[in-house]
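Walk through this fold with the sequence and the coordinates side by side. Start with one residue and its neighbours, then widen the view.

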Amino acid sequence: MTQAPAQPVPASPTSPRDRTAAQVRDWIQSGKLRTGDAVPSENSLAKRFGFARGTVRAALQQLEAEGLIQAGQGRARRVTQTASPPKHPSRTAKPRLVARSVAILSSVTDPLQFNRYGWDTHAQALAAHAIHHHGYHALTVNPEAVHAGELEHLIDDPPAGVILMPVIAADPRVQPLAERLIEAGVPVVAASDDPAYHRADRVLPDHHAGAQMLTRWLLDRGRTRIAAIFPDQPHSWLHQREAGYRQAMTDAGHTPLPLGRIPDLVEADDPDTFRHNVRVVVGYLVDTFGAGPDQLPDALLATTDRHIPFLAAALKALGRTPNTDTDLVGYDAVWPDVAEARFEPTTLTTSPTAPLATIDKHNDQLGRALADAVLFRLKHPDAAPQRHTIAPTLVPITQV
């Protein structure tokens, strides 16, 4: 019986059925599925793509009509012929621009906004620089700014690879997208240790080691009632810092204090916002440790150098002298860029209420390593997922 000729492939499939058909068709065109190979079951494809089984069945029936697959005994389907490339000028006349691009998913709009490498903006900028150096384009995409469904275009028209920067990697919309990209054979590298990315390559700062270093440094100064003041957020890097802090305290024979869970403090562009943040910190410190000066910790680990002015002002409001009664240490090595210091005049670099030490995450290394991981995956698509950590450095604040 003569099979029906293959129908033209839509240039940009939009319906779930068309997207499913396009993905299976691409597997056949690329050789991932060869003549005689079994096509994944309807249940398997439905789970993989997140569509209803009826949608998947309709997509497979479309491919059967095109003569690409055929149902056999037990309703199992097999590839019957290799598909011809789609007749679309932008894809056949010359290589697609997006195919030579690495998409960097990030919420950063100005990657050169700050001077210090400790800001995550620089990891993105240096990743893009390394990508350009190797002959690829860098395409920055902000998932927080796109319209509903637009991220799906990364599946329909996949780039050479995808890098997920730290904040975006925690976006619940991005995690299932990353899984589908991996299924489609697109290299995905996440700057995250979230278990959701266990099939992706991961490159991240060693937050466990950084928090451990700071805690040990404070212990060596004679501080024993050390507390971590972290945002109440489910980020994997916060869990790593908490574990590093707890391990250092336990190894030294001290009981870890309760975590000082505070909201993620917004940037303070004016004195009123600064004072509001200070009141928030005061409330959370009192709720966690008590209001008496002797109840407060003798050292605080800040989430970032940017929180130091708020913590210093809050300690003063509670009758403690920063870095005399309670030591302050930061993170990220960005203290000279912290604009909020102007609202707390005593928190100048040379003052006793500046952070005593901070951690350099080496975002310059992180950015280049993210790009290297994508390039490695392009050359070695079948290698096991890689996990690489960037070792931190403890820096006395006078060296920042």
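Which residues does Asp201 touch, not counting residues up to four places away in sequence? The contacts are Val188, Val189, Ala190, Ala373, Arg377, Ala384, Pro385 and Gln386. Keep in mind that this is a predicted model. Asp201 sits in strand E7, which covers residues 201-205. Its relative accessibility is 4%, so Asp201 counts as buried, the limit being under 20%. The C-alpha atoms of Asp201 and Leu370 are 9.0 Å apart, although 169 residues separate the two along the chain.

Now take the whole chain. It has 400 residues, and 49% of them count as buried. The secondary structure comprises 13 helices and 13 strands. Consider the contacts between residues at least 6 apart in sequence: 74% of them join residues at least 24 apart.

Next comes the nonpolar interior. In soluble globular proteins, nonpolar side chains tend to be buried together. Here the largest nonpolar core has 47 residues. Ile226, Leu285 and Leu301 have the most contacts inside this core. Several elements each supply at least two of its residues. The helices among them are H9 (207-220), H10 (236-251), H11 and H12. The strands are E8 (226-229), E9 (299-302), E10 (327-329) and E11 (357-360).

Leu301 shows how these parts meet. Leaving out residues up to four places away in sequence, Leu301 touches Ala211, Leu214, Thr215 and Leu218, among others. Its contacts also include Ile226, Ala227, Ala228, Ile229 and Phe230. Tyr245 and Val329 complete the list. Apart from this core lies another, of 22 residues. Ile163, Val189, Ala191 and Val203 are among its members. Val189 is also one of the residues that Asp201 touches.

Go back to H12, one of the helices that supply the 47-residue core. How many of its 10 residues are buried? Eight are, and the helix is mostly covered. The buried residues are Ile308, Pro309, Phe310, Leu311, Ala312, Ala313, Ala314 and Leu315. Their cover includes E8, H11, E9 and E10. After H12 comes Gly319, with a positive phi near 85 degrees.

The aromatic residues give another view of H12. The whole structure holds three aromatic pairs. In one of them, the ring centres of Phe274 and Phe310 lie 5.1 Å apart and the planes meet at 35 degrees, so the pair is tilted. Phe274 belongs to helix H11 (residues 271-289) and Phe310 to helix H12 (residues 308-317), so the pair ties together parts that are 36 residues apart in sequence. Both rings belong to buried residues: Phe274 has a relative accessibility of 4%, and Phe310 has 0%. Phe343 joins Phe274 and Phe310 in one aromatic cluster.

Two arginines also lie over rings. Arg241 lies over the face of Tyr331, at 3.4 Å from the ring centre. Arg100 lies over the face of Tyr136, at 4.2 Å from the ring centre.

Where is there enclosed space? The count comes to two cavities of 30 Å³ or more. The largest holds about 50 Å³ of space. Arg19, Thr20, Gln23, Phe49, Phe51, Ile155 and Arg180 line this cavity. Helix H1 (residues 16-30) gives the largest share of the lining, with three residues.

Finally, look at two loops and their backbone angles. Asn323 lies in the loop between H12 and E10. Its phi is near 65 degrees, a positive value in a residue other than glycine. Asn323 counts as buried, at 12% relative accessibility. His362 lies in the loop between E11 and helix H13 (363-379). The phi of His362 is near 60 degrees, again a positive value in a residue other than glycine. His362 is buried as well, with a relative accessible area of 16%.

Technical notes: Residues numbered from 1 in each chain as written. Predicted model: local features only at pLDDT ≥ 70, side-chain atom pairs only at ≥ 80, totals over all residues. Heavy atoms only, no water. Phe/Tyr/Trp six-rings, centres within 6.5 Å; stacked < 30°, edge-to-face > 60°. Helix = DSSP H or I, 4+ residues; strand = E, 2+ residues; numbered from the N terminus. Buried < 20%, exposed > 50% of the residue type's maximum accessible area, 1.4 Å probe, protein only. Lys NZ or Arg CZ within 6 Å of the ring centre and 35° of its normal. Core = buried A, V, L, I, M, F, W, Y, C linked by side-chain atoms within 4.5 Å. Contact = heavy atoms within 4.5 Å. 1 Å grid on protein atoms, 1.4 Å probe; cavity = no way out; pocket = protein on both sides within 12 Å on 5 of 7 lines; lining within 4 Å. Points joined across faces, edges and corners; volume = space filled by probe spheres on them.
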